[in-house]
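Colleague: I am new to this structure and would be grateful for a close look at a single part of it. Please take the largest pocket as the subject.

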Amino acid sequence: MGTLSFTATISIDGYAAGPDGDFQFGAPSEQVFRFHVERMAAISTEILGRRTYELMHYWEAEPEGEDWGDDEREFARLWQGLDIVAASSSLTSDDITRENHRLVTRLTLDEIRRITQHASGEVEIFGPTTAAPAIRAGLVQDFRFFVVPVILGGGLRALPEDARLDLRLIESRVFENGFTMLHYRAVQAHPAGAD
C-alpha cells in the first residue's frame, strides 16, 4: 500500500501560479532539479490533471534540437517508469500515450484511495486544483513545498482556503538559489465540512 503526497513550488505568499497563470517563477536551478531527480526514486504513481499531463509529455523523449544533461535524462527515465493517472473529463483514450498511463474521467476520493492502496510506493497528486479535494478530505500524508523568494500578490493558491491540517516538519533544506524545501507530514486532518 502506498502513501499520498502533494508537492508544489510556491511563492512566499502561497501561490503556485501568478495572476496571469504563469509559473515560471519556480523554474528550478540545477541543484533543485537534482533534488527532484533524487526524490523520484520513492514515487511509484503520479495523479495529474489534464494540463499537467499534457505538459509532462515533454519527458517522453528528448526533443529534437535539445541536448539534455545527465539529470534530465535520469528524470525522464524515472518519469517514464511511473504509473500515471490522468484525471480529466476532456481527454480521451487516444490522448493516453503509454501502457502505464490510464485515464480517469472523474477523480473521486474513493478512486484516490484505491490508487493509493494499490500503489507500490508513494503516490504524488500533482497540481493544486487536482489535489484540492484530497487535501480537504485529509487524505494527503506528506506535503513538500519548494518556497521561492517571491511575492506574487495573487493567482492560483497552492492549498485550498478551507483546508485545515495539523502538520509536523520532518525535513527542510535551503538551496543555493534561495529556494527552501519544506517537507511536512500530516499529524491530524480536519476534513472540510466536519464538525
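Which helices and strands each supply at least two residues of the lining of the largest pocket?

Modeller: The model is a predicted one. In it, the helices that each supply at least two residues of the lining are α1 (30-39), α2 (50-55), α3 (70-80) and α5 (128-136). The strands that do so are β1 (3-11), β2 (15-17), β3 (43-49) and β6 (122-126). Of these contributors, α1 gives the most, with 5 residues.

The space within the largest pocket comes to about 1400 Å³, and 44 residues line it. Nearest its centre lie Phe 23, Thr 52, Leu 55, Met 56 and Phe 126. Sorted by class, the lining holds 24 nonpolar, 12 polar and 8 charged residues.

One contributor, β3, merits further description. Of the 7 residues of β3, 7 are buried, and the strand is therefore largely enclosed by the rest of the structure. Two strands pair with β3. With β6, the pairing is parallel and runs over 5 bridges; here Leu 48 stands opposite Phe 126 of β6. That same Phe 126 is among the residues that lie nearest the centre of the pocket. With β4 (residues 83-87), β3 again pairs in the parallel sense, over 5 bridges, and Gly 49 stands opposite Ala 87 of β4. As a general point, the side chains of a regular strand alternate between the two faces of the sheet.

Note on methods. Residues numbered from 1 in each chain as written. Predicted model: local features only at pLDDT ≥ 70, side-chain atom pairs only at ≥ 80, totals over all residues. Heavy atoms only, no water. 1 Å grid on protein atoms, 1.4 Å probe; cavity = no way out; pocket = protein on both sides within 12 Å on 5 of 7 lines; lining within 4 Å. Points joined across faces, edges and corners; volume = space filled by probe spheres on them. Helix = DSSP H or I, 4+ residues; strand = E, 2+ residues; numbered from the N terminus. Nonpolar A, V, L, I, M, F, W, Y, C, P; charged D, E, K, R; others polar. Buried < 20%, exposed > 50% of the residue type's maximum accessible area, 1.4 Å probe, protein only. Pairing = 2+ DSSP bridges.
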